[in-house]
There are 2 protein chains.
Amino acid sequence: MIDSTSPDRHEAIGVVLRACEGQLEVLLTSGALPGATLASREPLEAALARAVDVSALAHVEQLETLVLSDCALATAYLGLVPVERAPAGDWRPVGSLPRLAADHAALVLAARTRLRAKLSYTNVGFALAPATFTISELREIYTAALEHDVSATNLQRVLVRRRVLERADGRRAPGRTGGRPAALFRFRLGRLEVTDEFAALRPPR
Amino acid sequence: MIDSTSPDRHEAIGVVLRACEGQLEVLLTSGALPGATLASREPLEAALARAVDVSALAHVEQLETLVLSDCALATAYLGLVPVERAPAGDWRPVGSLPRLAADHAALVLAARTRLRAKLSYTNVGFALAPATFTISELREIYTAALEHDVSATNLQRVLVRRRVLERADGRRAPGRTGGRPAALFRFRLGRLEVTDEFAALRPPR
DNA sequence: GCAAAAGTGTTGTGTCTACACCCATGT
DNA sequence: ACATGGGTGTAGACACAACACTTTTGC
């Protein structure tokens with residue numbers, strides 16, 4: 001029997017997101033966010049790896065640790081993956097989720113908020129995009145992740161000015177309806193980088 | 001005896017900062033960051049409150065959960081307090097800390113980084129400043145927290161434009177050496193508010 | 001030629017830093 | 001008067017959104 005000073009159960013939970021066809025989707029397992037309980041002396045990431053195929057993810061970061069309604073602790077992680085590399089599973093649009101535990105719903109919201117914020121001051125989009133892409137394709141990904149419309153023109157200018165994107169070789173042939181062939185781009189870096197560190201109160205020159 | 005599937009010890013750790021005489025200081029307890037081990041079914045904040053006088057703090061937010069070198073888990077919190085309300089204790093300038101455990105040193109660094117980032121896009125300065133203050137006094141606080149020089153002129157303009165600061169009644173009488181009496185200001189809000197949400201990729205009008 | 005899609009030029013707006021200058025007080 | 005610290009005016013740099021316009025393709 002566990003006495004009153006023994007620690008509680010601790011769970012690692014993954015909120016894994018992808019941008020698919022203009023919609024942000026979250027991966028569910030048996031109708032809930034995937035999670036695993038920590039074994040003794042097990043690192044958090046190891047437990048997370050038992051719940052989610054972490055090696056497939058392009059970016060993982062910790063969200064927060066909270067006390068669940070049953071008094072167990074849970075540490076939640078945000079995972080991002082491009083559709084092309086996304087593992088098979090029960091992907092659900094974040095806008096129309098089935099009924100989740102209150103904690104899980106809050107975590108999905110925290111993940112969406114975190115992603116939205118980081119898209120505007122980091123290069124985290126790399127983790128949702130394929131190796132190369134057109135600006136139109138990237139626009140669809142950003143639209144899904146930001147959950148508001150994005151102009152392709154300005155998206156290109158902002159990301160190129162910040163040196164987040166660079167040209168890749170080649171062009172994408174137009175579809176049957178014609179149109180100018182689109183240039184291919186890629187993210188300059190495949191890991192997280194802060195690109196707009198100080199909005200104000202920069203250090204003096 | 002604890003078997004191999006029983007959970008590990010979990011600690012709540014506080015990284016409490018204040019800005020004192022142009023220096024950012026952290027509160028130590030017995031030469032280390034204050035911490036307390038969670039009892040069974042105890043909320044994280046309750047354990048933190050046993051280690052730190054949370055009620056004195058003007059702002060508290062979770063930093064991260066990590067695995068300590070002894071395999072125990074720890075959830076760290078950032079706490080901010082104005083010097084005037086700061087509890088007595090072993091306050092040390094962050095620039096010249098005694099030798100700390102590697103985990104604790106990393107947490108202090110994480111706290112400094114978090115504070116610096118949030119100062120530039122939120123009103124979090126309220127948690128380091130007294131109820132009313134002159135721009136010069138606030139400049140000293142920002143200089144300490146940002147760890148770089150700050151122009152009083154621009155500080156005032158940025159914070160007033162963003163409606164983070166507002167005028168308070170009265171003026172501060174000049175010192176013995178003369179000078180124009182300084183206007184008093186106060187933070188418009190006493191809780192965290194994001195003031196510069198989207199640096200780029202704003203939603204369309 | 002015409003529609004469609006991609007991409008560039010340009011303008012206007014807002015926010016920031018830097019610095020010159022003016023203001024109000026003590027001695 | 002003059003030194004001292006407080007505060008404003010203003011100019012220049014930059015980043016951004018919006019939108020008109022040009023380019024390149026399929027049919």
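**The interface between two domains of chain A**

Me: Happy to look at this predicted model with you! How much area do domain 1 of chain A and domain 2 of chain A bury between them?

Reply: The size of an interface is often given as the accessible area lost when the parts come together. For domain 1 (10–121) and domain 2 (124–187) of chain A, 67% of that area is on carbon and sulfur atoms. The total buried between the two domains is about 1500 Å².

Me: Which three residues supply more than any other three of the area that domain 1 of chain A buries against domain 2 of chain A?

Reply: Good one to check in the viewer. On this side, 22 residues of domain 1 of chain A are in contact with 15 residues of domain 2 of chain A. Three of domain 1's residues supply 36% of the area it buries there. They are A19(A), R116(A) and L119(A).

Me: Which side chains meet in a salt bridge?

Reply: Between the two domains of chain A, the count is one salt bridge. Its N to O distance is 2.6 Å, which is within the 4 Å cut-off. The partners are E147(A) and R112(A).

Me: And which element gives the most to the side of domain 1 of chain A that touches domain 2 of chain A?

Reply: Strand 1 (10–20), strand 2 (23–28) and helix 2 (102–121) of chain A each supply at least two residues of that side. Its residues divide into twelve nonpolar, four polar and six charged. With seven residues, the element that gives the most is helix 2 of chain A.

How values were computed
Residues numbered from 1 in each chain as written. Chains lettered and ligands numbered in written order. Predicted model: local features only at pLDDT ≥ 70, side-chain atom pairs only at ≥ 80, totals over all residues. Heavy atoms only, no water. Domains from an automatic or database assignment. Contact = heavy atoms within 4.5 Å. Buried area = accessible area lost by both parts, 1.4 Å probe. Helix = DSSP H or I, 4+ residues; strand = E, 2+ residues; numbered from the N terminus. Nonpolar A, V, L, I, M, F, W, Y, C, P; charged D, E, K, R; others polar.
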